[in-house]
Amino acid sequence: MSVLVLNAGYEPLHTVSVKHAMNMLWRGVATVEESHPEETFGPFPMPTVLRLVRYVKMTWAYARRGGLKLTEASVKITWEQFSRGVPTYSQAGVLKRDNGQCAYCGQPVATTMDHVIPKSRGGSTTWDNAVAACEPCNQRKADYSPEEVGMTLLWEPFVPTREDLAW
């Protein structure tokens, strides 16, 4: 069984074992936010969610989370909800998401990333506007939209989960 640990500001940090959670309670670095009803571990209630007493800076977690918004009133979330956050956008991530396959011709030789709507035309550098492309297709499309040069996308770009990029 694992225990969810929240930062002092109610942001989820990670999970720990019950033994580690009890150690945190004993040292006074955390308080119980949610526990199993009628179960105790010595003088402490059996925790399911702990909150740290002091704030911990989370530089590793500054990537956007998939719409997960925490408030003091709604801290009842699961680890699965927290961990399915959106990975940080990167060119390497786009190539992984598309399995190295060109989104225009389908060949498994994509080495570049292409903006579907070019940046010069207001396109953004986001998961929803980027696809993997082979060099010939990327050069052919250049600074145009796919429709202008008679190219079609074989699939629509999407925002991946961390699991999509874990291959």
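Tutor: Before we start, one definition is needed: two residues are in contact when they have heavy atoms within 4.5 Å. Please also keep in mind that this is a predicted model.

Student: How many helices and strands does the protein chain have, and in what order do the elements run from the N terminus on?

Tutor: The protein chain has 4 helices and 6 strands. Of its 167 residues, 39% are buried. Read from the N terminus on, the order of the elements is β-β-α-β-β-α-α-β-β-α.

Student: In which order do the 4 strands of the open sheet stand?

Tutor: Bridges give us the pairs, since β1 is joined to β2 by 5 bridges and β3 is joined to β4 by 7 bridges. In both of these pairs the strands run antiparallel, although the pairing of the sheet as a whole is mixed. Put together, the 4 strands form an open sheet in the order β2-β1-β4-β3.

Student: Which strands stand at the edges of this sheet?

Tutor: An edge strand here has a single partner strand, so one side of it is left without a neighbour in the sheet. The strands that fit this description are β2 and β3.

Student: What is the bridge partner of Val32 in β4?

Tutor: Val32 can be placed in β3, which covers residues 30-41, and β3 is joined to the antiparallel strand β4. In β4, which covers residues 44-52, the bridge partner of Val32 is Leu50.

Student: At about what angle does α1 run to β4?

Tutor: Helix α1, which covers residues 18-27, lies across β1, β2, β3 and β4. Its buried residues pack against these strands, β1, β2, β3 and β4. The angle at which α1 runs to β4 is about 75°.

Student: Why do the buried residues of α1 count as lying on the same side of the helix, and what arc do they cover?

Tutor: The buried residues of α1 are Val18, Ala21, Met22, Met24 and Leu25, whereas Lys19, Trp26 and Arg27 are exposed on the other side of the helix. The buried residues are on the same side of α1 because, around the axis, they cover an arc of only 155°.

Student: Which element supplies the largest share of the largest nonpolar core?

Tutor: This core has 13 residues, and those that touch the most other members are Val3, Val5, Val16, Met24, Leu50 and Leu52. At least two residues of the core come from each of β1, β2, α1 and β4. The largest share, 5 residues, is supplied by α1.

Student: How many residues are in the second, separate core?

Tutor: This second core is separate, and its members include Val116, Cys134, Cys137 and Met151. The number of residues in it is 12.

Student: Leaving aside neighbours within four places in sequence, with which residues is Val5 in contact?

Tutor: Val5 can be placed in β1, which covers residues 2-6, and Val5 is among the core residues that touch the most other members. With neighbours within four places in sequence left aside, the residues in contact with Val5 are Glu11, Pro12, Leu13, His14, Val16, Met24, Leu50 and Leu52.

Student: Is Tyr10 buried or exposed?

Tutor: Tyr10 is found in the loop between β1 and β2, in a hairpin that has 5 residues between the strands. Its phi is near 70°, which is a positive value in a residue other than glycine. Because buried means under 20% relative accessible area, the 13% relative accessibility of Tyr10 makes this residue buried.

Student: How far apart in space are Glu11 and Arg51, C-alpha to C-alpha?

Tutor: Glu11 sits in the loop between β1 and β2, and with 26% relative accessibility this residue counts as partly exposed. Glu11 and Arg51 are 40 residues apart in sequence, while in space their C-alpha to C-alpha distance is 9.0 Å.

Student: What is the relative accessible area of Ala142?

Tutor: Ala142 is located in the segment after α4, the helix of residues 135-141. Although Ala142 is not a glycine, its phi is positive, at about 50°. Ala142 counts as partly exposed, with a relative accessible area of 40%.

How values were computed: Residues are numbered from 1 along each chain as its sequence is written. This is a predicted model: local features need pLDDT of at least 70, side-chain atom pairs count only at pLDDT 80 or more; totals for chains, interfaces and linings use all residues. Side-chain values use heavy atoms; hydrogens and water are left out. Buried means under 20% relative accessible area, exposed over 50%, partly exposed in between (1.4 Å probe, protein chains only). The arc is that of the directions from the helix axis to the C-beta atoms. A nonpolar core is a set of buried Ala, Val, Leu, Ile, Met, Phe, Trp, Tyr and Cys residues joined through side-chain atoms within 4.5 Å. Two strands pair if DSSP finds at least two bridges between them. Axes are lines fitted to C-alpha atoms, for helices over the stretch in contact, and angles run from 0 to 180 degrees between N-to-C directions.
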